[in-house]
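Here are a few exercises to try with the model open in your viewer. Have a go at each task before you read its solution.

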Amino acid sequence: MNRQIVRSALFVPATRPERIPKALASGADRVIVDLEDAVEEGLKVEARANLRRFLVDTPEARVLVRINAAEHPGHADDLALCRDHAGVIGLLLPKVESAAQVRHAAVASGKPVWPIVESARGLAALGEIAAAAGVERLSFGSLDLALDLDLNSGSNAAEQILGHARYALLLQSRLAGLAPPLDGVYPAIQNRAGLVEAVRFARDMGFGGLLCIHPSQVEPIHQTLMPSPAELEWARRVAEAGASGAGVFVVDGEMVDAPVLGRARRLLERAGEGGWTRSTDANAGLSNGEFSERAGCVRLVDTSKAQQQ
């Protein structure tokens, strides 16, 4: 499983190829060249040609592509384009409603797939979709799902329904061993405070990050997803104390056991301090990252320091 952290994935329309380099320079963790919603129907062929030209002229670039949905007449051409270019490192499959659609896209393109769950049918088939071969992570099309379910977008009632859908994405991602899912776009580009609130909500719910539609959204997303200085200091203290090999110990007057150690490790990983990995204290033959049930404890080892010695 690819557990690489993706905090932001920035859309750029294939009808505006001059914007692709700007998107790649924005600091977004991933750039998604869009052949679907951002491209009007009469410009689909031109958009595909624009992306092909960019990939040929810029072989070092690495992008994701949101292709057209399975029932769209351009779907097969989109898959062929993704298959033929090493610069395409994955594809977003919109309006996905079955595992068969995912498997076909993965086989035909040879690329990892990020299904976008944005319909009632897709939500109903989510378990099978998440478990389909080729899926790397799930993403949430909250705006389209709200439309499909006829929700009053922005209302408390609508948010409750969408919260249930988000929980389903989290649960199925975990069961299928996928990377953390990405929440849907925040459409109000100028509303930084609203974006930050949405990112906090997604972060606290367990999402890895957000899809985004403007370069100005990248920095607030990354900043909000970062642990606070106080959280990082706590996580470092827990990791250092855990290196003693004790199964249960106390930090700052509070009991620390394996789940708390795991939370500290994830906070450090989110901050880019991913050198702390789990190893066992009782079984020298086990590699770092393995958990010994016989030992009954977890020891955190700073491998970044060990590698320097």
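**Exercise 1. Decide whether Cys212 and Cys82 are buried or exposed, then find how many disulfides the model has.**

Solution. This is a predicted model, and we start with accessibility.
- Step 1: Cys212 has a relative accessible area of 0%. The cut-off for buried is under 20%, so Cys212 counts as buried.
- Step 2: Cys82 also comes out at 0%, which makes this cysteine buried.
- Step 3: Now go looking for cysteine sulfur atoms within 2.5 Å of each other. The count comes to zero disulfides.

**Exercise 2. Take Lys95 and Asp150, which have a positive phi without being glycines, and work out where each sits and how exposed each is.**

Solution. Go residue by residue.
- Step 1: Lys95 has a phi of about 50 degrees. Lys95 belongs to the loop between β4 (88–93) and α4 (99–109).
- Step 2: With 27% relative accessible area, Lys95 is partly exposed, since that class lies between the 20% and 50% limits.
- Step 3: Asp150 has a phi of about 60 degrees, and you'll find Asp150 in the loop between α7 and α8.
- Step 4: The relative accessible area of Asp150 is 69%; exposed means over 50%, so Asp150 is exposed.

**Exercise 3. Describe the second largest pocket: how much space lies in it, and which residues and helices line it?**

Solution. Start with the volume and work outwards from the centre.
- Step 1: The second largest pocket holds about 450 Å³ of space.
- Step 2: Its lining has 20 residues, and those closest to the centre are Ser142, Glu159, Arg166, Tyr186 and Ala198.
- Step 3: Sort the lining by chemistry and you get eleven nonpolar, five polar and four charged residues.
- Step 4: Sort by element instead: α7 (142–148), α8 (156–176) and α9 (192–205) each put in at least two residues. The biggest share comes from α9, with five.

**Exercise 4. Zoom out to the protein chain: how many helices and strands are there, and what do burial, contacts and surface look like?**

Solution. Count elements, then move on to the totals.
- Step 1: The chain has 13 helices and twelve strands.
- Step 2: It runs to 309 residues, and 46% of them count as buried.
- Step 3: Take the contacts with a separation of 6 or more; 63% of these join residues 24 or more positions apart.
- Step 4: The accessible surface is about 14,900 Å², with 51% of that belonging to carbon and sulfur atoms.

Terms used
Residues are numbered from 1 along each chain as its sequence is written. This is a predicted model: local features need pLDDT of at least 70, side-chain atom pairs count only at pLDDT 80 or more; totals for chains, interfaces and linings use all residues. Side-chain values use heavy atoms; hydrogens and water are left out. On a 1 Å grid over the protein atoms alone, a cavity is a set of points where a 1.4 Å probe fits but cannot get out, and a pocket is an open set with protein on both sides within 12 Å along at least five of seven lines; lining residues have an atom within 4 Å of a point. Grid points are joined across faces, edges and corners, and a volume is the space filled by probe spheres set on the points. Helices (H or I, at least four residues) and strands (E, at least two) are DSSP runs, numbered from the N terminus. Ala, Val, Leu, Ile, Met, Phe, Trp, Tyr, Cys and Pro count as nonpolar, Asp, Glu, Lys and Arg as charged, and the others, Gly among them, as polar. Buried means under 20% relative accessible area, exposed over 50%, partly exposed in between (1.4 Å probe, protein chains only). Contact means heavy atoms within 4.5 Å. Accessible areas come from the Shrake-Rupley method with a 1.4 Å probe; for residues, only the protein chains shown count as cover.
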